[in-house]
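The report below concerns the charged side-chain pairs of one protein, followed by its core, its overall make-up and the confidence attached to the coordinates. Please keep the sequence and the structure in view while reading.

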Amino acid sequence: MSDRERVTPQMYARVFEGHAEGVLILEDLVRRFHRPAQLQGGIDAVLTTYHREGARSVVDHIVSMINRANGVDPNEHDEQQP
């Protein structure tokens, strides 16, 4: 991939924060895919949770890239965990 084709955090910020439709799309993605773990239901709950985490990781990546573009250290929140 050449430097011209490289996707940057700033691109994510422009698309998902700087563009009105991008803001709406990100809100829709969060609403659809950023769901909590399934806590009841045995193995089916585990499988549902894994499925949700796969979808959630995409939204988390988008938000992480936007945060980087805005100068937020992606590891900043990890250090605050007990």
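## Salt bridges in the helices

Aspartate 28 and arginine 32 are both part of helix H2, where they stand four residues apart, about one turn of the helix. The model is a predicted one, and in it the side chains of aspartate 28 and arginine 32 meet in a salt bridge with an N to O distance of 2.8 Å. Aspartate 28 has another such partner, since arginine 31 also forms a salt bridge with aspartate 28, the closest N and O atoms lying 3.6 Å apart. Arginine 31 and aspartate 28 are three residues apart in helix H2, which spans residues 20-33, and so about one helical turn separates them. Taken together, Asp28, Arg31 and Arg32 are linked in a network of salt bridges.

The members of this network can also be described by their accessibility. Arginine 31 is exposed, with a relative accessible area of 60%, and arginine 32 is likewise exposed, at 51%, whereas aspartate 28 counts as partly exposed at 25% relative accessibility.

How many salt bridges does the structure hold? The structure holds three, and one of them lies in helix H3: arginine 56 pairs with aspartate 60, the closest N and O atoms being 3.9 Å apart. That distance falls within the 4 Å limit, and therefore the pair is counted as a salt bridge. Arginine 56 and aspartate 60 are four residues apart in helix H3, which covers residues 42-69, so that about one helical turn lies between them. Arginine 56 is partly exposed at 23% relative accessibility, and aspartate 60 is partly exposed as well, with a relative accessible area of 35%. As a general matter, side chains of opposite charge can pair when their charged atoms come close.

| Salt bridge | Closest N to O distance |
|---|---|
| Asp28 and Arg32 | 2.8 Å |
| Asp28 and Arg31 | 3.6 Å |
| Arg56 and Asp60 | 3.9 Å |

## The nonpolar core

Which residues make up the largest nonpolar core? This core has six residues in all, namely Tyr12, Phe16, Leu26, Ile62, Met65 and Ile66. The elements that give two or more residues to this core are H1 and H3, and H3 gives the most, with three residues. Leucine 26, when its neighbours within four places in sequence are left aside, is in contact with Phe16, Ile62 and Ile66.

## Overall make-up and confidence

The secondary structure of the protein comes to four helices and zero strands, and along the sequence the pattern reads α-α-α-α. Of the 82 residues in the protein, 16% are buried, while the accessible surface comes to about 6,600 Å², with 53% of that surface belonging to carbon and sulfur atoms. Among contacts between residues at least 6 apart in sequence, 50% join residues at least 24 apart.

The protein has an average pLDDT of 84, and 85% of the residues score at least 70. Where is confidence lowest, and where is it highest? Confidence is lowest in helix H4, residues 76-79, at a mean of 56, and highest in helix H1, residues 9-16, at 97. Where pLDDT is low, the predicted coordinates should not be read in detail.

Key:
Residues are numbered from 1 along each chain as its sequence is written. This is a predicted model: local features need pLDDT of at least 70, side-chain atom pairs count only at pLDDT 80 or more; totals for chains, interfaces and linings use all residues. Side-chain values use heavy atoms; hydrogens and water are left out. Buried means under 20% relative accessible area, exposed over 50%, partly exposed in between (1.4 Å probe, protein chains only). pLDDT is the predictor's confidence in each residue, from 0 to 100. A nonpolar core is a set of buried Ala, Val, Leu, Ile, Met, Phe, Trp, Tyr and Cys residues joined through side-chain atoms within 4.5 Å. Contact means heavy atoms within 4.5 Å. Accessible areas come from the Shrake-Rupley method with a 1.4 Å probe; for residues, only the protein chains shown count as cover.
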